[in-house]
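Reader: I work at the bench and want to learn how to read a model like this one. Please take me through it feature by feature.

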Amino acid sequence: MDYLTPEQIEELKNLLLQRREEVIQRIQHFVEGDTLKVSSDVGDEVDIADLEMEREKLLRLRERETRYLRKVEYALRKIEEGTYGICESCGEPIGYERLKARPVAIYCIRCKEMLEAQEED
Ligand SMILES: [Zn+2]
């Protein structure tokens, strides 16, 4: 597997920046929009239990987005430090194709599969 070329790193960086924009927007949407939406949607058919469930769901989604945002920022930091694209477990290149599909990946596919049982990524 080859190390990334400067062009590939540039491309992946743009991809990460784009992801970061999207995630930040989604998180803001959760914070500002959905609380309002939930309360204005209260009608006859919506009871408290549904509202609670809705709120739980939003909280979980927001947590997931926040976790993803941290991964994106971590990846961007690694680009700055010049360690991006290197597997954190075995030190081998992760590979451009895999990074293009999942730019926040920090393990190569082999290590990822090995770690899969312990960690959900
Ligand atoms: Zn590895």
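Reader: Is C111 buried or exposed?

Author: Buried means under 20% relative accessible area, exposed over 50%, and partly exposed in between (1.4 Å probe, protein chains only). C111 has 4% relative accessibility, so C111 counts as buried. A word on the basis: this is a predicted model, where local features need pLDDT of at least 70, side-chain atom pairs count only at pLDDT 80 or more, and totals for chains, interfaces and linings use all residues. Residues are numbered from 1 along each chain as its sequence is written, and side-chain values use heavy atoms, with hydrogens and water left out.

Reader: What is the mean pLDDT of the protein?

Author: pLDDT is the predictor's confidence in each residue, from 0 to 100. Where pLDDT is low, the predicted coordinates should not be read in detail. Here the mean is 87, and 84% of the residues reach 70 or more. Confidence is lowest in α1, at a mean of 84, and highest in α3, at 96. Helices (H or I, at least four residues) and strands (E, at least two) are DSSP runs, numbered from the N terminus.

Reader: Which residues are the protein donors of the zinc ion?

Author: Donors are N, O and S atoms within 2.8 Å of the metal (3.2 Å for Na, K and Ca); water is not among the atoms, so sites may look incomplete. The SG atoms of C87, C90, C108 and C111 serve here, 2.2 to 2.4 Å from the zinc ion. Their spacing in sequence is C-x2-C-x17-C-x2-C. C87 is buried at 3% relative accessibility, whereas C90 is partly exposed at 35%.

Reader: What is the geometry of the zinc site?

Author: Four donors count as tetrahedral if all angles lie between 85 and 135 degrees. The ideal angle for four tetrahedral donors is 109.5 degrees. The zinc site has angles of 106 to 115° and is tetrahedral.

Reader: How many disulfides does the structure hold?

Author: A disulfide is a pair of cysteine sulfur atoms within 2.5 Å. The structure holds zero.

Reader: Which residues of the largest nonpolar core touch the most other members?

Author: A nonpolar core is a set of buried Ala, Val, Leu, Ile, Met, Phe, Trp, Tyr and Cys residues joined through side-chain atoms within 4.5 Å. Of its 23 residues, L16, Y84 and L99 touch the most other members. Two or more residues each come from α1 (6–40), α2 (48–81), α3 (96–101) and α4 (109–115). The largest share, six residues, is from α2.

Key
Four donors count as tetrahedral if all angles lie between 85 and 135 degrees; four count as square planar and six as octahedral if opposite donors are over 155 degrees apart and all others between 65 and 115; anything else is irregular.
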